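Open the model in your viewer and keep the selection tool at hand. The stops below go one residue or group at a time.

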Amino acid sequence: MRLSRRSFFVMLLSLLAPAALGHPGAHRHPHVRRWGGRWLRGRRWRIRRRPAWRVIRGRRLLVVPLAVASGWELEIDDQVLLVDDVYDDYIVVHGPDGGSRKIPVVKEDTKQNLEEFEGSEVLEEAK
């Protein structure tokens with residue numbers, strides 16, 4: 001069997017290719033600290049909003065922004081409540097006394113509830 005020069009080099013390169021592809025690459029310094037969520041601890045402020053009450057079809061509902069999320073603070077009736085869970089028609093809030101309660105809501109952006117106030121400071125945990 002006669003091999004051409006081209007076939008010989010193709011076979012030679014195919015034998016070297018797995019070793020080249022298996023190389024881990026450039027040296028990475030594991031002792032150098034990288035910027036990542038695992039190592040950083042930071043301080044951030046919670047989002048605090050002042051929603052309003054509205055009576056719709058005989059029910060008293062709280063008007064909250066469309067983007068309401070867990071971890072927000074809502075100042076309701078001169079009390080700061082922390083939002084635990086958000087559902088379509090109600091939210092579950094956690095009060096300063098430790099109890100939680102459901103509040104029926106309407107999600108709507110108004111001028112009053114879009115105004116953002118400085119909330120409490122939270123230390124983010126390392127992941």
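Does Ala67 count as buried or exposed? Select Ala67, in the loop between S3 and S4. Ala67 counts as exposed because its relative accessibility is 53%, and the cut-off for exposed is over 50%. Keep in mind that this is a predicted model. Now add Lys107 to the selection: Ala67 and Lys107 are 40 residues apart in sequence, but their C-alpha atoms are 8.2 Å apart in space.

Next, select Val64, in strand S3, which covers residues 59-64. Val64 has 0% relative accessibility and therefore counts as buried. Show its surroundings, leaving aside neighbours within four places in sequence: Val64 is in contact with Pro51, Leu74, Val105, Val106, Lys107, Glu108 and Asn113. For a backbone distance, pick the C-alpha atoms of Val64 and Arg49; they are separated by 8.4 Å, with the two positions 15 residues apart along the chain.

Val64 also belongs to the largest nonpolar core. Select its twelve residues together: Leu62, Val64, Val68, Trp72, Leu74, Ile76, Leu81, Val83, Ile91, Val93, Ile103 and Val105. Colouring by strand shows where this core comes from: S3, S4 (73-76), S5 (79-86), S6 (90-94) and S7 (100-107) each supply at least two of the residues.

Stay with the core and centre on Leu81. Not counting residues up to four places away in sequence, Leu81 touches Trp72, Glu73, Leu74, Ile76, Val93, His94, Gly95, Pro96, Arg101 and Ile103.

One of those contacts, Glu73, is the next selection. Glu73 lies in strand S4 and is buried, with a relative accessible area of 5%. What does its side chain meet at 2.8 Å? Show Arg48: a polar contact of that length joins the side chains of Glu73 and Arg48. Beyond four places in sequence, the contacts of Glu73 are Arg46, Ile47, Arg48, Arg49, Val80, Leu81, Leu82, Gly119 and Ser120.

For the last stop, go to helix H1, residues 5-21, and select Leu13. Leu13 is exposed, at a relative accessible area of 58%. Which residues make a nonpolar surface patch with Leu13? Add Leu3, Phe8, Phe9, Met11, Leu12 and Leu16, and turn on the surface; together with Leu13 they make a patch of about 700 Å².

How values were computed. Residues numbered from 1 in each chain as written. Predicted model: local features only at pLDDT ≥ 70, side-chain atom pairs only at ≥ 80, totals over all residues. Heavy atoms only, no water. Patch = residues over 30% accessible without salt bridge, like charges linked within 9 Å, V, L, I, M, F, W, Y side chains within 5 Å. Areas by Shrake-Rupley, 256 points an atom, 1.4 Å probe, with all protein chains shown as cover. Salt bridge = Lys/Arg side-chain N within 4 Å of Asp/Glu carboxyl O. Helix = DSSP H or I, 4+ residues; strand = E, 2+ residues; numbered from the N terminus. Buried < 20%, exposed > 50% of the residue type's maximum accessible area, 1.4 Å probe, protein only. Contact = heavy atoms within 4.5 Å. Core = buried A, V, L, I, M, F, W, Y, C linked by side-chain atoms within 4.5 Å. Polar contact = N/O pair within 3.5 Å; in protein donor to acceptor, adjacent residues only side chain to side chain.
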